[in-house]
Amino acid sequence: MTAERETAARLPGDPGMWVFVLGDLAFFSAYFVIFMVHRGREPELFAAAQRHLSPAVAVATTLLLLTGSWLIALAVQASRAGEHRRALRLTAGTLLTGVLFMLVKAGEWAWEASHGRTFASGDFFMFYYLLTGVHLFHMLLGLVVLGVVLRELRAPGLRRTAVVETGATYWHMVDLLWIVIFVLVYLMR
Amino acid sequence: MNGTPGARTTRVWAALCAVTVLSWRLGTERTAGAAVTVAVLAIALVKARFVVRCFMEVQDAPAWLRRLTDVWLAALWTALVVLYLV
């Protein structure tokens, strides 16, 4: 590969992570299509069940995820510039948005369950718990990934930008999936 | 692009937050119908593409990844809109 081509096109982070991300996007896409097929069969029931959810809370969690993505994107740029302390702070900021997201989501689940809306309360709530649950599991893995990035940035002998890029790619995927879940589960009327 | 990469990333973040609030205000109107939902889906597509291109830096990635992510976005959103409307 020539130097010119190298600067013109570059895969950020580990290629293996991209294979995983693309596979996971395909996997979630199948879930989204299945959700839409079921929604199309009983739109009134889905709409009635959906009214129990709070779009305002979903907006707040979406803003948290977008903010986390923004911070980790800045962390990648800081890491490239050799500003490791700044990259560390930004990554810690992303971790904080992830923890806050999970706390809000746990509160939302507890609220719904305490009002009798559980996995068994019809197709809409089955999909609600399934989609948000699988997403939350990905976010939990994301927190571990961010932990690896933080460890990398703290160790003067490490600080490899590729590790920060790989962690960021995973975290952005979690954000990307949520953008679709936000619309399908909370906003679509 | 104007300014540093960081400044652009921050502008994209601010725009993504703004359209998130906009899609919420659109989506919760009492008169919400098919046109509003399609608009909300369109906003989500724009958001997703900005996350892919800017945050995930696919804009600077090899052509195969740029194409593959665009094919994914086009295929998923076409399926969502068609399944919503039929």
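B:Ser23 lies in helix H1 of chain B, and it makes a handy starting point for a walk through this predicted model. The side chain of B:Ser23 reaches back along the chain to the backbone oxygen of B:Thr20, at 2.9 Å. B:Ser23 counts as buried because its relative accessibility is 3%, and the cut-off for buried is under 20%. What is B:Ser23 in contact with, leaving aside its neighbours within four places in sequence? The partners are B:Val40 and B:Ile43 from chain B, together with A:Phe182 and A:Leu187 from chain A. That takes us to the meeting of the two chains.

## Where the chains meet

On the chain B side, 40 residues are in contact with chain A, and 42 residues of chain A are in contact with chain B. An interface can be described by area as well as by residue counts. The accessible area lost when the parts come together is often used to give the size of an interface. Here chain B and chain A bury about 3,500 Å² between them, and 78% of that area is on carbon and sulfur atoms.

Polar links are there too. Across the interface, 10 residue pairs are in polar contact, both residues being at pLDDT 80 or more. Three helices of chain B each give two or more residues to the side that touches chain A: H1 (5-27), H2 (34-55) and H3 (63-85). Which of these elements gives the most? It is H1(B), with 12 residues. By residue class, the side of chain B that touches chain A divides into 28 nonpolar, nine polar and three charged residues.

## One salt bridge across, and its network

How many salt bridges run between chain B and chain A? The count is one. It pairs the side chains of B:Glu57 and A:Arg80, with N and O 2.6 Å apart.

B:Glu57 deserves a second look. This residue is found in the loop between H2 and H3 of chain B. Its phi is near 60 degrees, a positive value in a residue other than glycine. B:Glu57 has a relative accessible area of 13%, so it is classed as buried.

## Salt bridges within the chains

A search of the whole structure finds nine salt bridges over all chains. The table shows three of them, with the accessibility of each partner.

| Salt bridge | N to O distance | Relative accessibility of the acid | Relative accessibility of the arginine |
|---|---|---|---|
| A:Glu112 and A:Arg117 | 2.5 Å | A:Glu112, 1%, buried | A:Arg117, 13%, buried |
| A:Glu152 and A:Arg160 | 2.6 Å | A:Glu152, 2%, buried | A:Arg160, 47%, partly exposed |
| B:Arg53 and B:Asp70 | 2.9 Å | B:Asp70, 26%, partly exposed | B:Arg53, 17%, buried |

Why can the pair of B:Arg53 and B:Asp70 be said to tie parts of the chain together? B:Arg53 lies in helix H2 of chain B and B:Asp70 in helix H3, so the pair links parts that are 17 residues apart in sequence. Of these two partners, B:Arg53 is buried at 17% relative accessibility, while B:Asp70 is partly exposed at 26%. Elsewhere, salt bridges that share partners join A:Arg10, A:Arg80, A:Glu165 and B:Glu57 into one network. B:Glu57 and A:Arg80, both in this network, are the pair whose side chains meet between the chains.

## Around the last helices listed for chain A

Another positive phi turns up in chain A. A:Arg159 has phi near 55 degrees, and it is a residue other than glycine. Where does A:Arg159 sit? Its place is in the loop between helix H6 (122-154) and helix H7 (161-187) of chain A. A:Arg159 is partly exposed, with a relative accessible area of 28%.

For chain A, the unreviewed UniProt entry lists residues 16-37, 57-76, 88-106, 126-150 and 170-188 under "transmembrane region". Two of these stretches can be set beside the model. Over residues 126-150, chain A is 100% helix and 0% strand, and the end C-alpha atoms are 36 Å apart. Over residues 170-188, chain A is 95% helix and 0% strand, with its end C-alpha atoms 26 Å apart.

Key. Residues are numbered from 1 along each chain as its sequence is written. Chains are lettered from A and ligands numbered from 1 in the order in which they are written. This is a predicted model: local features need pLDDT of at least 70, side-chain atom pairs count only at pLDDT 80 or more; totals for chains, interfaces and linings use all residues. Side-chain values use heavy atoms; hydrogens and water are left out. Contact means heavy atoms within 4.5 Å. Buried area is the accessible area (1.4 Å probe) that two parts lose on being put together, summed over both. A salt bridge is a side-chain nitrogen of Lys or Arg within 4 Å of a carboxyl oxygen of Asp or Glu. A polar contact is a pair of N or O atoms within 3.5 Å; within protein, one must be able to donate a hydrogen and the other to accept it, and residues adjacent in sequence count only if both atoms are side-chain atoms. Helices (H or I, at least four residues) and strands (E, at least two) are DSSP runs, numbered from the N terminus. Ala, Val, Leu, Ile, Met, Phe, Trp, Tyr, Cys and Pro count as nonpolar, Asp, Glu, Lys and Arg as charged, and the others, Gly among them, as polar. UniProt positions are given in the numbering used here, feature names are shortened, and annotations may be inferred rather than shown by experiment. Buried means under 20% relative accessible area, exposed over 50%, partly exposed in between (1.4 Å probe, protein chains only).
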